[in-house]
Amino acid sequence: MTEISNTKLAVAKPKVGIYGFTGCAGDQLLIIHTEDEILNLFNSVDIRSFVMASSNPIEEELDVAFVEGSISTEEEREHILKIRKRAKILVAIGNCAVSGGPQAMFTGDNTFEKRMNKVYGNVNFLTAPLEAKPIDAFVEVDYYLPGCPISAPQAFALISRLIHGAIPESYPHPVCHECKLNENRCLLLDKIACFGPLTMGGCGSACPNHGLPCVGCWGPNDDGNFEHHLELLESFGKTREEILRLIRGYGGHKILKYIEKGGK
Ligand code: SF4
Ligand code: SF4
């Protein structure tokens with residue numbers, strides 16, 4: 001991760017671009033829908049490109065680029081390389097940009113062409129499809145803002161720190177931490193496969209608050225003990241294949257490296 005100095009954004013109004021690649025666009029939508037903060041944001045930064053909010057993007061040098069979505073076509077790959085060249089700081093926002101998302105759940109298992117042919121046959125695409133991957137498979141990412149969608153408080157905390165020349169901090173605890181603060185009964189006690197211990201917190205334990213297991217949409221938690229947790233879930237009667245399929249759904253491409261090395 002790149003260290004930024006306090007002078008890197010020492011401009012009155014940093015030039016900002018907000019981009020979306022393959023994904024549901026929920027993170028851009030969340031930014032637009034934050035009615036309390038959006039006016040402050042537009043007053044504090046110079047939004048140069050935000051396709052969801054303006055039909056007149058200005059593609060030029062940027063202080064910060066926020067990028068949502070995974071890269072899944074050759075056209076997107078070329079575009080993210082150009083954005084990286086133009087931006088001093090690049091922030092991946094949302095699960096698909098950070099971890100690859102559901103579309104990357106089987107990335108790296110050498111079945112891409114077989115899956116493409118099964119679904120699309122001999123269709124000729126306008127742009128060459130790539131196996132979907134998170135942004136950092138193609139360019140260096142300075143900061144990560146996970147979530148599905150991202151959380152408004154976390155997003156604006158990160159933006160505020162960047163604007164003021166401070167280094168953003170990632171949430172240090174797993175979902176279980178927030179779940180305990182919310183005084184939920186742990187679903188593991190009822191042998192329900194919850195991925196809270198393996199998942200980065202920040203969502204306020206949204207799913208366990210409603211009796212639903214965490215499926216890992218905030219992405220892998222660096223300190224998770226993957227092997228031990230997989231063994232625990234196997235003891236509930238699930239096969240390892242079933243568990244991995246569940247957790248890959250949101251951990252996507254990135255979860256593989258955690259599983260391969262057993263966590264840390
Ligand atoms: S319910 Fe899930 S998130 Fe909550 S403490 Fe148990 S394992 Fe962790
Ligand atoms: S509890 Fe897990 S699946 Fe639910 S929103 Fe939070 S990180 Fe995502």
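**Exercise 1. Surroundings of L90**

Which residues does L90 touch, not counting residues up to four places away in sequence? Place L90 in its strand and decide whether L90 is buried or exposed.

Solution. The model is a predicted one.
- Step 1: L90 belongs to strand β5.
- Step 2: with residues up to four places away in sequence left out, L90 touches A65, V67, I83, R84, V139, V141 and D142.
- Step 3: there are 25 other C-beta atoms within 10 Å of L90. The cut-off for a buried residue is 20 or more, so L90 is buried.
- Step 4: R161 is 71 residues from L90 in sequence, and the C-alpha to C-alpha separation of L90 and R161 is 14 Å.

**Exercise 2. The nonpolar cores**

Describe the largest nonpolar core and state which element gives the largest share of this core.

Solution.
- Step 1: the largest nonpolar core has 36 residues. Those with the most contacts inside it are V64, A65, V67, V91, A92 and L145.
- Step 2: the elements giving two or more residues to this core include the strands β1 (15-20), β3 (62-68) and β7 (143-145), and the helices α3 (74-86) and α6 (152-163).
- Step 3: the largest share of this core, six residues, is from β5.
- Step 4: L145 touches V91, A92, I93, I150, Q154, A155 and L158, again not counting residues up to four places away in sequence.
- Step 5: another core, of 23 residues, lies apart from the largest one and has A193, L198, F226 and L256 among its members.

**Exercise 3. The buried face of α1**

Find the buried residues of helix α1 (residues 26-33) and explain why they line one face of the helix.

Solution.
- Step 1: D27, Q28 and I31 are the buried residues of α1.
- Step 2: viewed down the axis of α1, these buried residues fall within an arc of 100°, and therefore they line one face of the helix.
- Step 3: the cover over the buried residues of α1 includes β1, β3, β5 and α6.

**Exercise 4. Two domains**

State the bounds of domain 1 and domain 2, and describe their contact.

Solution.
- Step 1: the domain assignment gives domain 1 as 15-163 and domain 2 as 175-260.
- Step 2: domain 1 puts 17 residues into the contact and domain 2 puts in 14 residues.
- Step 3: on the side of domain 1 that touches domain 2, helix α4 (residues 95-99) provides the largest share, three residues.
- Step 4: by class, that side of domain 1 has seven nonpolar, nine polar and one charged residues.
- Step 5: the C-alpha centres of domain 1 and domain 2 are 25 Å apart.

**Exercise 5. The ligand shells**

Which residues are closest to ligand 1, and which come nearest to ligand 2?

Solution.
- Step 1: ligand 1 is surrounded by 14 residues, the closest being C176, C179, C186, C194 and G196.
- Step 2: the shell around ligand 1 has 10 nonpolar, three polar and one charged residues.
- Step 3: ligand 2 has 13 residues around it, of which C203, C207, C214, C217 and W218 come nearest.
- Step 4: the shell around ligand 2 has 10 nonpolar, three polar and no charged residues.

**Exercise 6. Backbone features**

Locate E183, S205 and P149, and give the backbone feature of each.

Solution.
- Step 1: E183 lies in the loop between α7 (175-181) and α8 (226-234). Its phi is positive, about 60°, although E183 is not a glycine.
- Step 2: E183 has 7 C-beta neighbours inside 10 Å, so E183 counts as exposed.
- Step 3: S205 is also in the loop between α7 and α8, and its phi is positive, near 55°.
- Step 4: S205 has 23 C-beta neighbours inside 10 Å and therefore counts as buried.
- Step 5: P149 is in the loop between β7 and α6, and the peptide bond from C148 to P149 is cis, with omega near 0°.

Definitions and conventions:
Residues are numbered from 1 along each chain as its sequence is written. Chains are lettered from A and ligands numbered from 1 in the order in which they are written. This is a predicted model: local features need pLDDT of at least 70, side-chain atom pairs count only at pLDDT 80 or more; totals for chains, interfaces and linings use all residues. A residue is near a molecule or strand if its C-beta atom, placed from the backbone, lies within 6 Å of it. Ala, Val, Leu, Ile, Met, Phe, Trp, Tyr, Cys and Pro count as nonpolar, Asp, Glu, Lys and Arg as charged, and the others, Gly among them, as polar. Domain bounds come from an automatic or database domain assignment. Two residues are in contact if their C-beta atoms, placed from the backbone, lie within 7 Å. Helices (H or I, at least four residues) and strands (E, at least two) are DSSP runs, numbered from the N terminus. A nonpolar core is a set of buried Ala, Val, Leu, Ile, Met, Phe, Trp, Tyr and Cys residues joined through C-beta atoms within 7 Å. A residue is buried if 20 or more other C-beta atoms lie within 10 Å of its own, exposed if 12 or fewer, and partly exposed in between; C-beta atoms are placed from the backbone. The arc is that of the directions from the helix axis to the C-beta atoms.
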